[in-house]
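Fancy a few hands-on exercises in reading a protein model? Have your viewer ready and try each task before you peek at the solution.

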Amino acid sequence: MKRTAAALIISLLLAAVSPARALELETGMIRPFADNVLTVTSEDGGVLTIKAVNGTVPLDNPVTDMRVEGGTIEIPWTALTFGGEPLSPGSVTLQATLKGYDRTVEAAEIRQKVGTPMPAVLCCLPAARDFYPDGKHVLKIEIAVSGRGTYEMDIARKDKPEESIWHYRTTYSGRGEPMVVRWDGKGRNHRFCDPGEYIISARSAHRPQFVQTGEITILDEPLPELSLAVTGPLIPGNLSDDAAVWAALIAPVAVGDGGEGKGLILMSEKSARSERAGSVNCRTVGLEILELYADGWAKVAGWRQPDGVYTEGYVKQDKLKMIRPNTRYGAVVDKKNQTMTVYEDGKRIGTVLVSTGWISEADRSADTRSGVYLMGTRMDDFADYGHNYCYPVRIDGYNLIHQMGYIPDNGSRNFTDEMEALGTKASHGCIRVDARAGEENNGINAWWIWTHMGHDTKIIISE
């Protein structure tokens, strides 16, 4: 018995001090959405993990705890991370670890260039969940893509997804802004489609395996026409009451009847010659209607630009219109706690850290204005204040929702500066959103918001 125990101890010691056998990891240039291949060679089998490292934000592993045999194996990798987000051009470090069945550990590391993504669809977002085709209105569908190429979109009944009733094909040569496809509700036979549930699918003509979908319900009768009415407060008094918050998020809202970003002037009296009380942007900024007058004027309230002061003023009724929000999602930005909480169909599904505007003596207009907003145009990436910003969505003429900024660092993205500021007021007025995704918040981050929350989704920013 003693000799058996001694032999076991000796064998464990030999295993501990034996040199790790060589593990090799090879690959060519990486391109998101491409058929990249990671080639792994080892003498013996074991449990393989390959980590991808690029800057300060964790990425999804190409392989985690994969059992492999000895020899050479090829592992396909699309170079996508959490939620299908493509790796950014630059470089990536791949770190392979093989835990042998005999308790040895082998490791290999390579750094490889990351090129531009192959053409692929990133999201397919109809601007509404319900649509009544009447020949007067069209359904807007945002299709964000990874780059230049030929793209296709099909619409089919949900119960017959393989039978396309409408097909669209186009060549996209623009930059990062999504394409907007307008559908009048007619099928291939040029007749309005029957009521029911439909699936919208979009894909690259050359990478059809990467499909993004959206859903739409065609109504059998039109929704009631919206008319101006006294609205009451736009922001619930208790933001912890999910039912009240959701009711506010899906309620119709009055906005300026003009193009996105165009200014709406509020007057101090019911006269075009009176002094200006302030201004707000049209189309995306919600206004509370306090009173409607028989002479065609309306008394409204909102948070004016550029200083964000709550303001009451007067505007002609024909300069206003009511809009139904996109009712699948909604969100609340809590400026006290510096968080954004996302709702889907009335339920909280996740909370993510943000940074809103910091007011200083040098810049009194840097506050993120409170109020109610409708998500507008998705924009291309941009650089400002020494940082690069991705996934911007306009909610106001001045302010955007976008990912926290990074500094390019030898082919990687260094988010350290603005990551450390998350949870505090630190921006110049925009809402910076965390780039990290985790299971605790259902993977919600800036990328998720950009690819899930469609045009006209309502955002409440607390007072």
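Below are some exercises, each with a worked solution.

Before you start: this is a predicted model, so local features need pLDDT of at least 70 and side-chain atom pairs count only at pLDDT 80 or more, while totals for chains, interfaces and linings use all residues. Residues are numbered from 1 along each chain as its sequence is written, and side-chain values use heavy atoms, with hydrogens and water left out.

**Exercise 1. Find the geometry of the aromatic pair Phe33 and Phe210, and say where its two rings sit.**

Solution.
- Start with the rule: rings of Phe, Tyr and Trp (its six-membered ring) pair if their centres lie within 6.5 Å; planes under 30 degrees apart are stacked, over 60 edge-to-face, and the rest tilted. The structure has 11 aromatic pairs.
- For Phe33 and Phe210, the centres are 5.0 Å apart and the planes make 80 degrees, an edge-to-face pair.
- Now place them. This pair links distant parts of the chain, 177 residues apart: Phe33 is in the loop between β1 (23-26) and β2 (36-42), and Phe210 in the loop between β14 (196-204) and β15 (212-218). Strands here are DSSP runs of E with at least two residues, numbered from the N terminus.
- Then check burial, where buried means under 20% relative accessible area, exposed over 50%, and partly exposed in between (1.4 Å probe, protein chains only). Phe33 counts as buried because its relative accessibility is 3%, and Phe210 is buried too, at 15%.

**Exercise 2. Classify the pair Phe131 and Trp183, then name the aromatic cluster that holds Phe131.**

Solution.
- The ring centres of Phe131 and Trp183 are 6.2 Å apart with the planes at 45 degrees, so this one is tilted.
- Again the pair links distant parts of the chain: Phe131 belongs to strand β9 (residues 130-131) and Trp183 to strand β13 (residues 179-183), 52 residues apart.
- Phe131 is buried at 6% relative accessible area, and Trp183 is buried at 0%.
- The cluster consists of Phe131, Trp166, Tyr168 and Trp183.

**Exercise 3. Which rings have Lys186 and Lys270 over them?**

Solution.
- The criterion is NZ of Lys or CZ of Arg within 6 Å of the ring centre and within 35 degrees of the ring normal.
- Lys186 lies over the face of Phe192, 5.2 Å from the ring centre.
- Lys270 has its charged end over the ring of Tyr293, at 4.0 Å from the centre.

**Exercise 4. How many cavities of 30 Å³ or more does the structure have, and what lines the largest cavity and the second largest?**

Solution.
- Set up the search: on a 1 Å grid over the protein atoms alone, a cavity is a set of points where a 1.4 Å probe fits but cannot get out, and lining residues have an atom within 4 Å of a point. Grid points are joined across faces, edges and corners, and the volume is the space filled by probe spheres set on them.
- The count comes to 3 cavities of 30 Å³ or more.
- The largest cavity has about 220 Å³. It has 18 lining residues, and the closest to its centre are Val57, Leu59, Thr81, Glu85 and Phe415.
- Sort that lining by type: Ala, Val, Leu, Ile, Met, Phe, Trp, Tyr, Cys and Pro are nonpolar, Asp, Glu, Lys and Arg charged, and the others, Gly among them, polar. The largest cavity's lining gives 9 nonpolar, 7 polar and 2 charged.
- The second largest cavity holds about 50 Å³. Its lining includes Tyr168, Met179 and Glu152, and Tyr168 is also one of the cluster from Exercise 2.
- Of the lining of the second largest cavity, β11 supplies the largest share, 3 residues. By type, that lining splits into 7 nonpolar, 1 polar and 1 charged.

**Exercise 5. Which backbone oxygens lie at the side chain of Asn54, and is Asn54 buried or exposed?**

Solution.
- Asn54 is in the loop between β3 (46-53) and β4 (63-68).
- With a relative accessible area of 10%, Asn54 is buried.
- A polar atom of its side chain is 2.4 Å from the backbone oxygen of Ser91.
- For the backbone oxygen of Gly411, the distance to a polar atom of the Asn54 side chain is 3.5 Å.

**Exercise 6. Where is the cis peptide bond at Pro306, and what is phi of Phe33 and Asp65?**

Solution.
- Most residues other than glycine have a negative phi, and most peptide bonds are trans.
- The cis bond joins Gln305 and Pro306, with omega about 0 degrees. Pro306 is in the loop between β20 (297-303) and β21 (310-316).
- Phe33, back from Exercise 1, has a positive phi near 70 degrees.
- Asp65 has a positive phi of about 50 degrees; it is in strand β4 and counts as exposed at 52% relative accessibility.

Terms used
Helix = DSSP H or I, 4+ residues; strand = E, 2+ residues; numbered from the N terminus. 1 Å grid on protein atoms, 1.4 Å probe; cavity = no way out; pocket = protein on both sides within 12 Å on 5 of 7 lines; lining within 4 Å. Polar contact = N/O pair within 3.5 Å; in protein donor to acceptor, adjacent residues only side chain to side chain.
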